[in-house]
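Biologist: Could you pick one part of this model and go through it closely with me? I'd like to hear which residues meet there and what sits around them.

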Amino acid sequence: MVTAAQPLSSASVPARRVPAVRHLGPNWYACVMGTAIVGTAGAALPRHVPGLRTACTTVWALSLVLLAALLVARSLHWVHHRDQARAHLLDPAAAPFYGCLSMALLAVGGGAVTVGRDWIGTSAAVALDTVLFTAGTAVGLAAAVAVPYLMAVRHRIEPGQASPVWLLPLVAPMVSAAVGPLLVPHLPPGQPRETLLLACVAMFGVSLLATLVTLPVIFGRLLTGGPLPLALTPSLFLVLGPLGQSTTAVGKFADVAPGVVPGPYAEGFGVLAVLYGVPVMGFALMWLCLAVAHVVRARREGMGFSMTWWSFTFPVGTCVTGAEALARHTGLAAYDALAVVLYVVLVAAWAVAAVHTARGLFSGALLAGPRSAPGAPRPATARTT
């Protein structure tokens with residue numbers, strides 16, 4: 001991380017042209033993810049509420065605008081502040097957030113087919129989703145390999161630094177697995193549809209197995225190392241991401257499998273949606289209670305707003321879509337009710353995070369440089385939160 005004043009040179013002049021984006025890290029894509037999931041999750045709720053779909057489409061449109069703005073801002077960051085961009089890649093607390101870029105692209109793309117088609121038409125929605133799905137999947141697969149590689153080879157990580165943030169690049173392929181089936185019906189019958197569906201199943205495996213080997217490290221650090229620093233406590237909600245998204249993914253596989261793969265396999269996907277989704281959703285609810293308890297404790301000890309509060313949005317949204325998938329495939333009213341309750345929590349969390357973020361942007365506090373405090377964690381952790 002570059003913190004000290006540097007001599008003026010031709011290389012440093014461009015950095016002065018766009019100072020507002022110097023400290024704009026990849027974690028800002030969480031705003032896009034959290035906004036997009038509010039629209040897509042609300043559209044599939046079991047109970048019809050007048051005006052809800054229009055509201056969901058409006059929120060999706062907002063996520064599209066946010067994505068475009070952030071892509072431009074992050075491009076300026078890389079052009080004018082390459083030293084800071086390289087510092088993010090070499091920072092074990094910041095590098096995992098590059099997975100958020102992939103998930104932001106995928107979340108907005110999936111929302112285009114789910115609700116955006118109401119305003120832009122099905123053809124435009126499918127075209128937009130195709131572009132964003134392709135780009136998001138490529139970025140996600142690259143991040144799933146590159147970030148763990150950097151953590152092993154270039155980063156210097158101590159045993160007590162394990163964090164749920166490590167899951168971010170590993171969850172990105174799971175988002176591709178959950179969003180990809182939306183495009184299957186729009187492909188020509190036969191090999192193209194089956195190839196995309198099985199590719200999504202493969203990405204499901206990539207993310208699931210990577211999560212299974214990483215989550216015990218995070219859980220073990222929590223049990224043996226004590227609570228996370230206050231500002232990082234909301235990141236415990238990130239564990240819900242692979243749980244809810246994988247439940248959503250297997251439900252999507254079962255939705256599109258009939259007619260795409262041979263009969264026995266299509267039936268198998270339907271069985272998998274229930275036999276996998278029910279226990280995983282149960283664990284997700286247990287973890288949700290654990291994470292809420294930690295957040296309540298941290299709040300009582302003075303935890304203030306930080307960008308990690310966006311962890312309350314997208315992961316919870318994946319649990320909403322996971323509950324919706326289980327409701328479709330089990331027919332149980334209990335999952336309908338669970339989806340509604342979690343969606344109310346999601347909307348409340350999104351509203352709080354959005355208001356605080358807007359306030360921080362207008363005041364300039366969120367785009368200011370990191371400020372070290374006595375006894376605070378090392379600067380890398382402080383900056384990313």
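Modeller: First, a term: buried means under 20% relative accessible area, exposed means over 50%, and partly exposed is whatever falls in between, with a 1.4 Å probe and protein chains only. This is a predicted model, so keep in mind that local features need pLDDT of at least 70 and side-chain atom pairs count only at pLDDT 80 or more, while totals for chains, interfaces and linings use all residues. Numbering starts from 1 along each chain as its sequence is written, and side-chain values use heavy atoms, with hydrogens and water left out.

Let's zoom in on helix α7, residues 191-225 (helices are DSSP runs of H or I, at least four residues, and strands are runs of E, at least two, numbered from the N terminus). A good place to start is Thr211, which lies in α7. Thr211 has a relative accessible area of 6%, so it counts as buried. Leaving out residues up to four places away in sequence, Thr211 touches Leu167, Leu170, Pro216 and Pro242, where a contact is heavy atoms within 4.5 Å.

Pro242 leads us to α8, since it is one of the α8 residues in the contact with α7. The axes of α7 and α8 (residues 240-256) come within 11 Å and cross at roughly 160°; axes are lines fitted to C-alpha atoms, for helices over the stretch in contact, with angles from 0 to 180 degrees between N-to-C directions. That crossing angle is why α7 is roughly antiparallel to α8 (under 35 degrees is roughly parallel, over 145 roughly antiparallel, 65 to 115 roughly perpendicular, the rest oblique). α7 passes α8 in a left-handed crossing, meaning the near helix is turned anticlockwise from the far one by less than a right angle, with clockwise being right-handed. On the α7 side the contact uses Leu197, Cys200, Val201, Phe204 and Thr211, and on the α8 side Pro242, Ser246, Ala249, Val250, Phe253 and Val256. By class that is nine nonpolar, two polar and no charged residues (Ala, Val, Leu, Ile, Met, Phe, Trp, Tyr, Cys and Pro are nonpolar, Asp, Glu, Lys and Arg charged, and the others, Gly among them, polar).

Phe204 deserves a second look, this time for its ring. Across the whole structure, a search finds eight aromatic pairs; rings of Phe, Tyr and Trp (its six-membered ring) pair if their centres lie within 6.5 Å, with planes under 30 degrees apart called stacked, over 60 edge-to-face, and the rest tilted. Phe204 and Tyr276 have ring centres 5.6 Å apart and planes at 70°, so this pair is edge-to-face. Tyr276 sits in helix α9 (residues 263-300), 72 residues from Phe204, so the pair links distant parts of the chain. Both residues are buried.

There's a second edge-to-face pair to set beside that one: the ring centres of Phe237 and Phe312 are 4.8 Å apart, with planes at 80°. Here Phe237 comes from the loop between α7 and α8, and Phe312 from the loop between α9 and α10 (314-330), 75 residues apart. Phe237 is buried at 6% relative accessibility, and Phe312 is buried too, at 14%. Back at Phe204, ring pairs also tie it into a cluster with Phe253, Phe269 and Tyr276, and Phe253 is one of the α8 residues in the contact with α7.

Leu232 belongs to the loop between α7 and α8 as well. Leu232 is buried, with a relative accessible area of 11%. Pro188 is 44 residues from Leu232 in sequence, yet their C-alpha atoms are 46 Å apart.

Since α9 supplies Tyr276, here is how α9 packs on α10. Their axes come within 10 Å and cross at roughly 140°, and that makes α9 oblique to α10. The crossing is left-handed. Ala273, Val274, Gly277, Val278, Met281 and Ala284 of α9 meet Cys319, Gly322, Ala323, Leu326, His329 and Thr330 of α10. That contact divides into eight nonpolar, four polar and no charged residues.

One last spot, for contrast with the buried residues: Gly364, in the loop between α11 (333-363) and α12 (379-384). Gly364 counts as partly exposed, at 32% relative accessibility. Its C-alpha atom is 8.7 Å from that of Ala20, 344 residues away along the chain.
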